[in-house]
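Trainee: Could you pick one part of this structure and take me through it closely? I'd like to see how that part fits into everything around it.

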Amino acid sequence: MAIGQIELKRLTAIHGWSAVILGLLLYVVVATGAVAVFAEEIGRWSAGGLRTAAPLEQPVDATLRRLSREVEPEYREDVAVWGGAGRNLFAFFHTHAVNPDTGVLEDKGTMFRADSVTGKVIDRHDGFIWNDPAAWDDSALRHFLVELHVQLYLPSPWGLILTGILGLTMMAAVVSGVLMHRHVIRDLFVAERGGGRLVGARDRHALVSSWSIPFAFLLAFTGSFFSLAGTIGFPLVATVAFSGDQEALSATLFEPPAPVDETPATLANLNAMISDSRARADSEATYLDVAHFGRSDARVTVWHAPGHGGMIYPVNRYDGATGVWLGAQAPLGTAPSLGGTLYGLMYPLHFGHFAGVFSRIVWGALGVTMCVVILSGFRLWVRRREADPAWRRFGQAVQITGYGLPIGMLASGYAYYLSRPSADPFFWTPLGFVVGVALAVALGLRVPDERRYGTLAQRLLAVLCAGLPVLRLATGGMDWATALMHGQTDIVTIDLLLVIAGASLWWFARPKRPVVRLLTEPAE
Amino acid sequence: MQSSLETNRTGRRSVLPRDAARWIEARPALVRWLLAGPGAILAALATMAAMPLWMPAGAAGVNDIALPILLMPLLWAVPFFHAVLAPNLVRASAILSAVILVQVAAVLVSLA
């Protein structure tokens with residue numbers, strides 16, 4: 001389709017103004033997303049204890065049978081089981097009931113956190129537990145960083161709707177950007193023109209944007225799907241197709257029908273089913289669901305990480321009473337379908353864990369690249385309008401946000417480790433983020449000069465990065481010798497990355513010769 | 001109102017009544033904002049709601065309920081960019097209005 005001058009102006013306006021209005025929030029989502037790719041590692045680094053195998057790789061049958069006798073009978077309707085950091089095994093025995101506080105149908109039951117090796121119960125929560133993250137997450141730091149990404153730490157559904165809108169904005173920016181740049185292939189290899197000129201800023205933005213086009217579109221699409229599916233999609237489709245019954249819609253999509261038989265029956269050996277499922281999926285189990293525990297119509301479903309060369313999560317289903325394999329479960333419904341395939345691809349493509357740590361490193365790096373895209377775009381916008389004091393102040397706000405977000409995230413880490421021994425880390429961790437951001441803002445207001453602020457912020461970041469592993473160790477975290485001896489390399493890796501980041505940032509913040517700008521150019 | 005087959009200012013046959021076409025042509029910026037803003041959102045919601053009625057369910061019986069939710073971002077992006085880039089605003093208004101009205105009507109009939 002040929003794009004005329006008028007259409008080009010319109011696309012440029014959409015591309016620019018959507019970024020100006022929502023770009024800073026989008027930067028928060030993208031930057032925290034790049035960190036959230038490593039949520040599992042951050043969980044093990046911040047809250048993990050010593051372990052030789054993932055919790056669901058340990059025998060869980062005896063533990064779950066014992067726990068099933070300690071809950072209300074109606075809570076055996078559905079049992080969700082997953083592994084946390086360290087040796088933590090979470091088991092949630094629950095039914096569905098209307099929460100009197102919210103008036104909404106929610107999960108109600110008993111959440112256990114147990115040691116996957118000894119079976120000892122470490123913690124127990126009863127009731128409508130999803131509103132209390134301490135009941136189901138063992139790392140307040142991971143929880144905070146993921147929540148900041150998923151819904152900007154705002155209450156549901158507003159946070160999800162906002163991040164959904166940001167995802168659509170990012171998609172609009174990608175498509176308009178592609179349509180605006182007539183030479184996308186050439187822009188993949190553009191060399192930034194030096195001298196601090198405006199064209200150099202444009203070159204930088206065009207270069208990083210061009211390389212991240214497919215990734216940006218993919219993440220925008222899948223991200224807005226995740227945010228808006230539950231808040232808007234499900235209720236709307238349920239209204240039309242199931243008279244508003246979202247449970248019926250969910251059952252049609254995710255729960256293959258099984259004949260009802262409430263006759264009591266002992267559950268078959270879960271360890272055998274998990275082991276069989278692992279062999280079929282060729283990857284470790286990540287999640288287990290037992291429907292109708294203790295009944296003849298019990299069903300056991302086992303989810304796995306993508307196997308070698310695969311992208312979609314393998315899922316196996318078993319007759320709970322006999323332990324017989326009923327077949328691989330399609331991502332949606334009872335048979336392979338276009339909808340099921342698309343749905344099955346959404347998670348691995350968004351989270352980037354289809355090829356183990358390698359794909360997650362690539363996804364994390366592309367996330368950082370996206371941050372450069374956003375910030376370089378702002379820089380270009382402000383440079384074109386730097387004669388206007390209001391836009392110069394906006395540029396200052398962009399710089400403060402650019403540094404303030406990572407400062408805040410690191411500060412939340414400090415608050416987490418300081419509060420973990422004897423206070424509530426779920427309360428103090430977000431507060432630490434606020435303090436970090438406030439510090440960055442105060443510094444920015446005190447030091448309005450862009451170059452000086454940049455240097456100070458980089459030095460602050462350097463100190464925060466390098467100091468965090470020290471604080472982790474000082475507050476009882478696992479030492480390197482123990483971690484390496486037991487193969488828990490994530491802990492050492494993250495510590496080292498923080499130290500290297502700190503050293504690099506300190507080096508970048510060294511005094512430099514001022515850049516001599518060549519001839520000023522009229523804004524294009 | 002005049003016949004919908006009157007020619008408009010560009011010399012093409014208008015698909016809308018002449019008064020409506022003139023109103024649209026007199027306010028191109030406002031109309032484009034309306035189409036790309038609330039228009040695209042309404043089109044996405046209307047299509048999502050109506051897809052279970054016209055999309056084949058497929059062999060697994062789930063495509064008609066899964067695809068509207070899965071394709072939500074595209075259901076918004078297509079009318080949005082159509083509104084932004086369409087050279088003929090009268091035709092774009094007619095298309096978007098038809099998409100919304102026909103599908104909303106189908107949903108209301110099915111719910112009744």
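## A strand in its sheet

Mentor: Of the 524 residues that make up chain A, 49% count as buried. Keep in mind that this is a predicted model. Chain A has 18 helices and nine strands. Its radius of gyration is 25 Å, close to the 24 Å that the globule rule gives for 524 residues, so the chain is as compact as a globular protein of that length. Along its principal axes, the C-alpha trace of chain A spans about 85 × 60 × 45 Å. If you count contacts in chain A with a separation of 6 or more, 63% of them are between residues 24 or more positions apart. The accessible surface of chain A is about 24,800 Å², with 64% of that belonging to carbon and sulfur atoms.

Now for the part I'd pick: strand S5 of chain A, residues 285-291. Start with the sheet around it. Eight strands of chain A form an open sheet in the order S4-S3-S2-S1-S5-S6-S7-S8, with antiparallel pairing. The edges are S4 (121-127) and S8 (325-328) of chain A, each of which pairs on one side only. From one strand to the next, the twist averages 15°.

So what sits on either side of our strand? In the sheet order, S5(A) comes between S1(A) and S6(A). On the S1(A) side, five bridges join the two strands, which run antiparallel. One to look up is Val81(A), whose bridge partner in S5(A) is Leu288(A). On the other side, S5(A) and S6(A) (residues 299-304) pair over six bridges, again in the antiparallel sense. There, Ala291(A) has Arg299(A) as its bridge partner in S6(A). Further along the sheet, S2(A) (residues 88-98) and S3(A) (residues 105-115) run antiparallel and are joined by eleven bridges. If you want a pair to click on there, His94(A) has Gly109(A) as its bridge partner in S3(A).

Is S5(A) mostly covered or mostly open? It is mostly covered, with five of its seven residues buried. As a reminder for reading any such strand, side chains in a regular one alternate between the two faces of the sheet. There's a helix to keep in view here too: H3 (residues 61-68) of chain A lies across S1 (78-83), S2, S3, S4 and S5 of chain A. Helix H3(A) runs at about 35° to S2(A).

Zoom in on Tyr287(A), which belongs to S5(A). Why does Tyr287(A) count as partly exposed? Its relative accessibility is 30%, and because the partly exposed class covers what lies between the 20% limit for buried and the 50% limit for exposed, that is where Tyr287(A) lands. Leaving aside neighbours within four places in sequence, Tyr287(A) is in contact with Leu56(A), Ala80(A), Val81(A), Trp82(A), Thr301(A), Val302(A) and Trp303(A). Val81(A) is a name you've already met, as the bridge partner of Leu288(A). Also worth a glance is Pro314(A): 27 residues separate Tyr287(A) from it in sequence, and the two C-alpha atoms are 11 Å apart in space.

While you have chain A open, a few spots outside the strand deserve a look. Most residues other than glycine have a negative phi, and most peptide bonds are trans. Against that background, the bond joining Ser156(A) and Pro157(A) is cis, with omega about -5°. Pro157(A) lies in the loop between H5 (140-151) and H6 (158-180) of chain A. Tyr153(A) is in the loop between H5 and H6 of chain A as well, and its phi is near 60°, a positive value in a residue other than glycine. Tyr153(A) is partly exposed, at 37% relative accessible area. Ser243(A), with phi near 50°, lies in the loop between H9 (213-241) and H10 (246-254) of chain A. At 73% relative accessibility, Ser243(A) counts as exposed.

As for disulfides, a search of the whole structure finds zero over all chains. Cys371(A) is in none, and the nearest cysteine sulfur, that of Cys465(A), is 14 Å away. Cys371(A) is buried at 10% relative accessible area, and Cys465(A) is buried at 7%.

Methods. Residues are numbered from 1 along each chain as its sequence is written. Chains are lettered from A and ligands numbered from 1 in the order in which they are written. This is a predicted model: local features need pLDDT of at least 70, side-chain atom pairs count only at pLDDT 80 or more; totals for chains, interfaces and linings use all residues. Side-chain values use heavy atoms; hydrogens and water are left out. Helices (H or I, at least four residues) and strands (E, at least two) are DSSP runs, numbered from the N terminus. Buried means under 20% relative accessible area, exposed over 50%, partly exposed in between (1.4 Å probe, protein chains only). Contact means heavy atoms within 4.5 Å. Two strands pair if DSSP finds at least two bridges between them. Axes are lines fitted to C-alpha atoms, for helices over the stretch in contact, and angles run from 0 to 180 degrees between N-to-C directions. A disulfide is a pair of cysteine sulfur atoms within 2.5 Å. The radius of gyration is taken over C-alpha atoms; the globule rule is 2.2 Å times the number of residues to the power 0.38. Accessible areas come from the Shrake-Rupley method with a 1.4 Å probe; for residues, only the protein chains shown count as cover.
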